Amino acid sequence: VVTIIEAAPVEHRLLVAIILLLWVSGFASAFVDNIPYTAAMCPVIVQMADDLNLPLRPLVWTLALGACMGGNGTLIGASANVVTAGLSQHYGYPISFMKFFATGFPVMIGSMFTLTGYLLVAHVAIGWDVR
């Protein structure tokens with residue numbers, strides 16, 4: 001990911017970083033619990049911001065939002081999904097991985113597209129919260 005960002009012209013690196021970090025975080029968090037993923041990625045984005053001279057705040061927001069929305073994609077993406085499925089099963093309404101995926105993954109994709117637009121407008125076009 002860092003290599004791809006480095007290959008971009010300096011004036012477009014934040015844009016590329018936001019898009020890559022959001023989508024990689026979203027897909028990773030759909031299949032790995034989003035809490036450990038986010039915890040593991042925090043030092044990575046701090047180092048990435050330092051190495052590439054990028055503002056950290058937009059990267060932190062991008063990681064948080066990507067991991068959050070990614071957790072909605074699959075049953076195992078977020079702890080709350082697992083707990084809810086367990087309770088649902090207990091009360092006679094089982095939710096399979098595929099049943100959750102059929103609903104959650106399209107919602108995740110739609111949310112990710114919306115967030116891509118938001119983050120690019122807020123942090124690249126307007127420069128809000130870029131310090």
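Read along the sequence, the chain I want to show you runs α-α-α-α-α-α, which comes to six helices and zero strands, where helices are DSSP runs of H or I with at least four residues and strands are E runs of at least two, numbered from the N terminus. Please keep in mind that this is a predicted model, in which local features need pLDDT of at least 70 and side-chain atom pairs count only at pLDDT 80 or more, while totals for chains, interfaces and linings use all residues. Residues are numbered from 1 along each chain as its sequence is written, and side-chain values use heavy atoms, with hydrogens and water left out.

Along its principal axes the C-alpha trace spans about 55 × 25 × 25 Å. Of the 131 residues, 41% count as buried, meaning under 20% relative accessible area with a 1.4 Å probe, protein chains only. If we take contacts, that is, heavy atoms within 4.5 Å, between residues at least 6 apart in sequence, 70% of them join residues at least 24 apart.

Now to the interior. The largest nonpolar core, a set of buried Ala, Val, Leu, Ile, Met, Phe, Trp, Tyr and Cys residues joined through side-chain atoms within 4.5 Å, has 28 residues, and Ile5, Leu21, Ile45, Met48, Leu54 and Leu59 touch the most other members. At least two residues of this core come from each of α2 (13-31), α3 (34-52), α4 (56-70) and α6 (97-125), and α2 gives the largest share, eight residues. Leaving aside residues up to four places away in sequence, Ile5 touches Arg13, Val16, Ala17, Leu20, Met48, Leu52 and Leu54.

Conventions
Buried means under 20% relative accessible area, exposed over 50%, partly exposed in between (1.4 Å probe, protein chains only).
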